[in-house]
There are 2 protein chains.
Amino acid sequence: MEKKQNTLFVGALAKGLKLLRAFDESHTDLSLSDLVQRTGLDKSAVQRLANTLHVEGMLDKDPVTRRFRPSHAWLQMAYAYYWSDPLIARAMPRLIELSQHLGETVNLAELSGDHIVYVTRLPCKRTQFAATLPGRRLPAISTAAGRVILSTFGRDEWEQAARTGPLISMTPRTMLDRADIEALIEKAAGEGYSVSRDQMILNEIAVAAPIRGMDGRAVGAVQCSISAHTWDEDSIATQIVPLLQDTANSISPGAFRS
Amino acid sequence: MEKKQNTLFVGALAKGLKLLRAFDESHTDLSLSDLVQRTGLDKSAVQRLANTLHVEGMLDKDPVTRRFRPSHAWLQMAYAYYWSDPLIARAMPRLIELSQHLGETVNLAELSGDHIVYVTRLPCKRTQFAATLPGRRLPAISTAAGRVILSTFGRDEWEQAARTGPLISMTPRTMLDRADIEALIEKAAGEGYSVSRDQMILNEIAVAAPIRGMDGRAVGAVQCSISAHTWDEDSIATQIVPLLQDTANSISPGAFRS
DNA sequence: GGTGTCTGTATTGCATTATGATACAGATCG
DNA sequence: CGATCTGTATCATAATGCAATACAGACACC
């Protein structure tokens, strides 16, 4: 491990965080040696760090299998986050209203580097498990929400995002051509919303509208996930998009060019 | 700070976690000196630890105010938690179904020490902001969910909980008499569900049913929050309780005495 | 039922690393 | 324009986290 910085960087803390990050959707509970493998740290170090995290209540330890698991503290962190992000309190009541009106799943997304994060999710229909969980990250340019957000940033910025942003194929139809993606962002900039099909889940359509800050740049997006079996292009344009945009605008602090 | 343990306890990591815990609903963004105050740590230590957390992406830093805020990583931790807790994947589809059937807010709660944690929330109506956020902790014995869970643990355990568990007054009607609370738990044990009124929010009624593990002890509870204006005792008993219990039972791994 | 190889746990001496005092700088205030 | 807050940077000291050990229990494999 290369020293990141000196004197104001606490390596031991960084290593501890590395342990926490070793847990993800496909690594839900880890033994001591799993942690050693995943972090690349020394066995002794992992032993001490994991023990500390356990004592401090950040990791649960199964007394029989001796495996570590995320504790409820991980949810409390999210709780603290929700209070710290001023968008949430503004958005929540409107999102609830929207989801009840539409009877469809509604999400709040924010940009985080070159990914989007689903901050709040209000699932109304059965769907893929991952699609019901807040905190999920997806490559920004692969999602309707990411593209509408980028579309408010101006051509230079979205061009760069479209050309350098990460792309992973989730379905056989995931769009991987960066020029096509750039065109979609441009389209979103003109229309004020974006639609995607079959990108993350087959037969799933996502529609997203930007929540603009005072300067016109999006601070997030309201997104709606619907089934391609029950909605077609027309019904989306007439029944979903207007409500979605109204909701997004009502969340925006300043009212800008509608 | 007293040394907690020796040789397998990493103090620097523990202090870092202390910084993270300094953020909560009423402390959403903290300056360096705020952190010093809240943690009781040395200024230099906080400086280094906060910087580390920032570099590692756990804290966002406002470039102008220099204040720290929880980052999106805090949500990712919740995401990892959701995958690690086997109850979530089982419960989610059923909770969605239930919330759509009832048209009312449905929550999944788990016991965490002497508190309950709302793990998943599916708000269907406008309500208090805090009541829409997962990760919220409440004193177990003050909530319907906590009481049904405890009621499955046997008299000895629930007695102790009722007598020693934390209690805070959230509304003028919050029940503070431990004997009354114990009686409610006993009632819940007999009926297989629990109801509470005006405990956390005025005019709010909570109904909860236990999700039992293979051994009969509850591993969580399905809870429903409704308005006292639209529901009365009878309609709750006939329309809510059965559905709630069915849902809870369908989530339970083993089928026990219904 | 031994023998080998996995685990997770405990101990110890050494030097790396975190420490906290200090000094500097940029605000905001009176 | 001093005074007092901030946040930032530097540095010598020793305390603290380190990694090499050795130990113990579980499992599997002849």
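**A protein–DNA model in questions**

Visitor: Is S142(A) buried or exposed?
Guide: S142(A) has a relative accessible area of 4%. Under 20% counts as buried, over 50% as exposed, and in between as partly exposed, with a 1.4 Å probe and protein chains only. So S142(A) is buried.

Visitor: From which number are residues counted along each chain?
Guide: This is a predicted model: local features need pLDDT of at least 70, side-chain atom pairs count only at pLDDT 80 or more, and totals for chains, interfaces and linings use all residues; side-chain values use heavy atoms, with hydrogens and water left out. Chains are lettered from A and ligands numbered from 1 in the order in which they are written, and residues along each chain, as its sequence is written, are numbered from 1.

Visitor: Which residues does S142(A) touch?
Guide: S142(A) is found in the loop between β5 (137–139) and α6 (144–151) of chain A. Helices (H or I, at least four residues) and strands (E, at least two) are DSSP runs, numbered from the N terminus. Contact means heavy atoms within 4.5 Å. Leaving out residues up to four places away in sequence, S142(A) touches R147(A), L167(A), Q199(A) and M200(A).

Visitor: Which residues does G146(A) touch?
Guide: G146(A) is in helix α6 of chain A. G146(A) counts as buried because its relative accessibility is 0%. Not counting residues up to four places away in sequence, G146(A) touches I116(A) and A140(A).

Visitor: What separates the C-alpha atoms of G146(A) and E191(A)?
Guide: G146(A) and E191(A) are 45 residues apart along the chain. In space, their C-alpha atoms are separated by 15 Å.

Visitor: What share of the residues in chain A is buried?
Guide: Chain A has 9 helices and 8 strands. Its C-alpha trace spans about 60 × 40 × 40 Å along its principal axes. Of the 258 residues in chain A, the buried share is 54%.

Visitor: At what angle do α6 and α8 of chain B pack?
Guide: These are helix α6 (residues 144–151) and helix α8 (residues 178–191) of chain B, with axes 8 Å apart. Axes are lines fitted to C-alpha atoms, for helices over the stretch in contact, and angles run from 0 to 180 degrees between N-to-C directions. The packing angle is about 65 degrees.

Visitor: How many nonpolar residues does the contact of α6(B) with α8(B) have?
Guide: R147(B), V148(B), L150(B) and S151(B) of α6(B) meet I181(B), L184(B), I185(B), A188(B) and A189(B) of α8(B). Ala, Val, Leu, Ile, Met, Phe, Trp, Tyr, Cys and Pro count as nonpolar, Asp, Glu, Lys and Arg as charged, and the others, Gly among them, as polar. By class, this contact has 1 charged, 1 polar and, for nonpolar residues, 7.

Visitor: How many residues surround DNA strand C?
Guide: A residue is near a strand if one of its heavy atoms lies within 4 Å of it. The closest to DNA strand C are A12(A), S31(A), S33(A), Q47(A) and R48(B). The number of residues that surround the strand is 16.

Visitor: How far is a polar side-chain atom of R48(B) from a phosphate oxygen of DNA strand C?
Guide: A polar contact is a pair of N or O atoms within 3.5 Å; within protein, one must be able to donate a hydrogen and the other to accept it, and residues adjacent in sequence count only if both atoms are side-chain atoms. A backbone N or O atom of G11(A) lies 3.0 Å from a phosphate oxygen of this strand. A polar side-chain atom of K61(A) also lies 3.0 Å from a phosphate oxygen there. For R48(B), the distance is 2.7 Å.

Visitor: Which element gives the largest share of the surface near DNA strand D?
Guide: DNA strand D is surrounded by 17 residues. By class, its protein surface has 5 nonpolar, 6 polar and 6 charged residues. The largest share, 3 residues, comes from α3(A).

Visitor: Which side chain has an N or O atom 2.9 Å from a base nitrogen of DNA strand D?
Guide: An N or O atom in the side chain of S33(B) is 2.8 Å from a phosphate oxygen of this strand. In the side chain of S44(A), such an atom is 3.2 Å from a base nitrogen. At 2.9 Å from a base nitrogen, the side chain is that of Q47(B).

Visitor: What is phi of D198(A) near?
Guide: D198(A) lies in the loop between β6 (194–197) and β7 (204–212) of chain A. D198(A) counts as buried because its relative accessibility is 10%. Its phi is positive, in a residue other than glycine, and is near 55 degrees.
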